[in-house]
Amino acid sequence: MRRVRTSKLKTVVIFALLACTLACSSGSSPTEPSAPPSTSTSLTGTWSGSATDSSGPGQMTWQLTQSGTSVSGTMTMTDTSTKVTGRGTVSGTVSGSSLQFSVSVLVGGFDSPYNACSASVAGTVTISSASLNGTYEGSSSCNGAITSGQLTLNKQ
């Protein structure tokens with residue numbers, strides 16, 4: 001009796017292996033997860049240009065470092081009319097030819113008389129080899145909503 005059970009078990013195992021072999025070699029091959037599309041342009045470096053929003057026009061510079069799809073760095077902006085400068089951080093994530101970003105200026109990051117103010121904006125830019133073009137919005141602790149933001153930064 002024991003011999004019959006062992007024989008049947010071997011037959012079931014062999015049949016299962018044969019079925020798996022046939023199924024696995026049926027012309028379909030396993031696929032690896034595809035990597036997200038990425039841009040061939042590295043964002044590491046200095047990007048400078050114009051930015052305008054509901055608070056007025058200005059000049060902006062980003063000093064960026066890119067590691068994979070993550071971007072981080074520093075930002076400097078100067079309001080064209082008041083000449084007040086703000087200094088803060090920028091961070092974001094690259095996906096294909098677009099960058100989702102956020103900029104933050106903490107209290108003390110603006111020149112006087114706005115040194116008690118903070119601001120943050122978030123937006124999206126389209127990446128090309130020589131420029132970043134996009135939109136943003138956010139808020140300032142002293143002036144409220146920041147709307148209709150447009151920026152164009154060129155690689156330096």
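Two strands are said to pair if DSSP finds at least two bridges between them. The exercises below apply this to a predicted model.

**Exercise 1.** Determine how β1 is joined to β2 and to β8, and which residues stand opposite W47 and G49.

*Solution.*
Step 1. Nine bridges link β1 with β2, and this meets the requirement of at least two bridges. The two strands run antiparallel.
Step 2. Two residues lie between β1 and β2, and the strands form a hairpin. Within this pairing, W47 is placed opposite W62 of β2.
Step 3. On β8, six bridges join the strand to β1, again in an antiparallel arrangement. Here G49 faces L153 of β8.

**Exercise 2.** Describe the surroundings of D53, and state whether D53 is buried or exposed.

*Solution.*
Step 1. D53 belongs to strand β1, which covers residues 45-53.
Step 2. D53 is buried; that term requires a relative accessible area under 20%.
Step 3. A salt bridge would need a side-chain nitrogen of Lys or Arg within 4 Å of a carboxyl oxygen. The nearest side chain of opposite charge to D53 is K83, at 15 Å, and D53 has no salt bridge.
Step 4. The side chain of D53 does make a polar contact, at 2.4 Å, with the side chain of S55. Beyond four places in sequence, the contacts of D53 are Y136, I146, T147, S148 and G149.

**Exercise 3.** Identify the residues that touch the most other members of the largest nonpolar core, and the strands that supply this core.

*Solution.*
Step 1. The largest nonpolar core has 26 residues, of which L43, W62, L99, F101, L132 and L151 touch the most other members.
Step 2. Each of β1, β2, β3, β4, β5, β6, β7 and β8 supplies at least two residues of this core.
Step 3. Setting aside residues up to four places away in sequence, L43 touches L64, Q66, V71, V94, L99, I127 and L132.
Step 4. In soluble globular proteins, nonpolar side chains tend to be buried together.

**Exercise 4.** Locate K83, S148 and P113, and describe the backbone feature of each.

*Solution.*
Step 1. Most residues other than glycine have a negative phi, and most peptide bonds are trans.
Step 2. K83, in the loop between β3 and β4, has a positive phi of about 65°. K83 counts as exposed because its relative accessibility is 58%, and exposed means over 50%.
Step 3. S148, in strand β8, has a positive phi near 55°. With a relative accessible area of 58%, S148 is exposed.
Step 4. P113 lies in the loop between β5 and β6. The peptide bond from S112 to P113 is cis, and its omega is near 15°.

Methods. Residues are numbered from 1 along each chain as its sequence is written. This is a predicted model: local features need pLDDT of at least 70, side-chain atom pairs count only at pLDDT 80 or more; totals for chains, interfaces and linings use all residues. Side-chain values use heavy atoms; hydrogens and water are left out. Helices (H or I, at least four residues) and strands (E, at least two) are DSSP runs, numbered from the N terminus. Buried means under 20% relative accessible area, exposed over 50%, partly exposed in between (1.4 Å probe, protein chains only). Lys and Arg count as positive and Asp and Glu as negative; His and the chain ends are not counted. A polar contact is a pair of N or O atoms within 3.5 Å; within protein, one must be able to donate a hydrogen and the other to accept it, and residues adjacent in sequence count only if both atoms are side-chain atoms. Contact means heavy atoms within 4.5 Å. A nonpolar core is a set of buried Ala, Val, Leu, Ile, Met, Phe, Trp, Tyr and Cys residues joined through side-chain atoms within 4.5 Å.
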